[in-house]
Structure formats: C-alpha cells, structure tokens
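Welcome! Here is a friendly tour of a protein chain, with the sequence and the 3D view side by side. Keep both at hand as you read.

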Amino acid sequence: MGPKLPPNATRAILTLLPKELPPSLQSKPATLCQVLSRYPRDGVGQVVHQSRWALKGIHGSYWQVTRTKLKLEGQHGKAWGRLVWKGKMVSEGEELIPGSLKYNWTTGSS
C-alpha cells in the first residue's frame with residue numbers, strides 16, 4: 001500500500017470526483033453490452049452470467065465471451081461465446097449470446 005493521505009487531502013480528492021460513477025466504471029449488473037464495455041477488448045475472454053440465474057438456483061453456469069461487436073459506447077451490440085451450463089460445456093462452437101439487452105448480466109459464474 002502507498003502512503004496514507006492526510007484527511008484534508010482525501011476530502012479534497014473526493015470533492016473532485018463525480019457523485020455517481022459513469023456507467024463504464026460501475027460494477028453493478030447491467031445489459032451484457034454495458035458489462036462487456038467495461039473491459040479491454042470489449043470483454044472478449046470474460047466469463048458472464050445472467051443475474052437471474054442465481055436467484056433461480058442455477059449454479060456453475062456462464063458464457064465465455066469469444067467475440068463482440070458493440071455500438072454506441074457499449075449501449076447496444078452483440079456478443080458471441082460458448083455456454084457452460086451447470087458445469088458442462090453445451091456449446092459445440094461459438095454462438096450468439098441471447099438476451100444480451102433484455103436481462104441484467106454480471107461477470108463470473110452463477
């Protein structure tokens with residue numbers, strides 16, 4: 001860890017920061033395109049899952065992103081990948097990830 005800043009310096013830095021982080025820096029669930037736009041190479045190589053899967057008791061399931069085509073700074077686009085469902089690879093090859101704009105997504109496995 002670096003040197004500790006005096007309290008008044010910390011306060012001064014906090015006043016310069018925006019009250020709310022821009023969408024590209026937030027870690028909360030969002031559309032797949034928004035989540036992937038937070039990462040280098042538009043999220044290629046990331047592991048993502050729909051937030052609702054964990055609520056439904058679906059564990060060990062995720063998409064491994066292999067290709068993306070994002071537009072409008074990550075607000076829209078398409079993503080392709082391979083699906084692992086309950087620990088087993090079910091995709092024979094790369095396929096379009098459905099529900100990218102319809103559901104909330106987050107990184108990691110469900």
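In this predicted model, the count of salt bridges comes to one. The partners are Glu94 and Arg67, whose closest N and O atoms are 3.1 Å apart. After this pair, the points below move on to ring pairs, charges over rings, the nonpolar core, a surface patch and a few notable loop residues.

**The salt bridge**

- As background, side chains of opposite charge can pair when their charged atoms come close.
- The salt bridge between Glu94 and Arg67 links distant parts of the chain, with the two residues 27 apart in numbering.
- Glu94 lies in the loop between β4 and β5 (95-96), while Arg67 belongs to strand β2.
- Glu94 counts as partly exposed because its relative accessibility is 40%, a value in the range between the buried cut-off of under 20% and the exposed cut-off of over 50%.
- Arg67 is partly exposed as well, with a relative accessible area of 39%.

**Aromatic pairs**

- How many aromatic pairs does the count come to? The count comes to two aromatic pairs.
- One of them joins Trp53 and Trp85: the ring centres are 5.1 Å apart and the planes meet at 85°, so this pair is edge-to-face.
- Trp53 sits in helix α3 (residues 51-55) and Trp85 in strand β3 (residues 76-85), so you can trace a link between distant parts of the chain, 32 residues apart.
- Is Trp53 buried or exposed? With 7% relative accessibility, Trp53 counts as buried, whereas Trp85 is partly exposed at 30%.
- Trp53 also pairs with Trp105: here the ring centres are 6.2 Å apart and the planes are at 65°, so this pair is edge-to-face.
- This second link also connects distant parts of the chain, from Trp53 in helix α3 to Trp105 in strand β6 (residues 105-107), 52 residues apart.
- Trp105 is buried, and its relative accessible area is 0%.
- Put together, Trp53, Trp85 and Trp105 make up one aromatic cluster.

**Charges over rings**

- Look for Arg52, whose charged end sits over the ring of Tyr103, 3.7 Å from the ring centre.
- Arg67, the salt-bridge partner of Glu94, also has its charged end over a ring: that of Trp80, with 3.9 Å to the ring centre.

**The nonpolar core**

- In soluble globular proteins, nonpolar side chains tend to be buried together.
- The largest nonpolar core in this model holds 15 residues.
- Which residues have the most contacts inside this core? They are Leu32, Leu36, Val48, Trp63, Ile97 and Trp105.
- Three elements give two or more residues to the core: α2 (32-36), β2 (62-71) and β3.
- Of the elements, α2 gives the most, with four residues.
- Trp105 is worth a second look, as this core residue is also part of the aromatic cluster with Trp53 and Trp85.

**A nonpolar patch on the surface**

- Ile13, Leu14 and Leu17 make a nonpolar surface patch of about 290 Å².
- Leu14 lies in helix α1 (residues 7-16).
- Leu14 counts as exposed because its relative accessibility is 53%, and the cut-off for exposed is over 50%.

**Loop residues with a positive phi**

- Most residues other than glycine have a negative phi.
- Arg41 has a phi near 60°, a positive value in a residue other than glycine.
- Where does Arg41 lie? Arg41 is in the loop between α2 and β1 (47-50), and it counts as exposed at 65% relative accessibility.
- Lys86 has a positive phi too, near 55°.
- Lys86 is found in the loop between β3 and β4 (88-89) and is exposed, with a relative accessible area of 52%.

**Two residues far apart in sequence**

- Ala30 is found in the loop between α1 and α2, and it counts as buried at 10% relative accessibility.
- Ala30 and Ser100 are 70 residues apart along the chain, and their C-alpha atoms are separated by 9.5 Å.

How values were computed: Residues numbered from 1 in each chain as written. Predicted model: local features only at pLDDT ≥ 70, side-chain atom pairs only at ≥ 80, totals over all residues. Heavy atoms only, no water. Phe/Tyr/Trp six-rings, centres within 6.5 Å; stacked < 30°, edge-to-face > 60°. Buried < 20%, exposed > 50% of the residue type's maximum accessible area, 1.4 Å probe, protein only. Lys NZ or Arg CZ within 6 Å of the ring centre and 35° of its normal. Core = buried A, V, L, I, M, F, W, Y, C linked by side-chain atoms within 4.5 Å. Patch = residues over 30% accessible without salt bridge, like charges linked within 9 Å, V, L, I, M, F, W, Y side chains within 5 Å. Areas by Shrake-Rupley, 256 points an atom, 1.4 Å probe, with all protein chains shown as cover. Salt bridge = Lys/Arg side-chain N within 4 Å of Asp/Glu carboxyl O.
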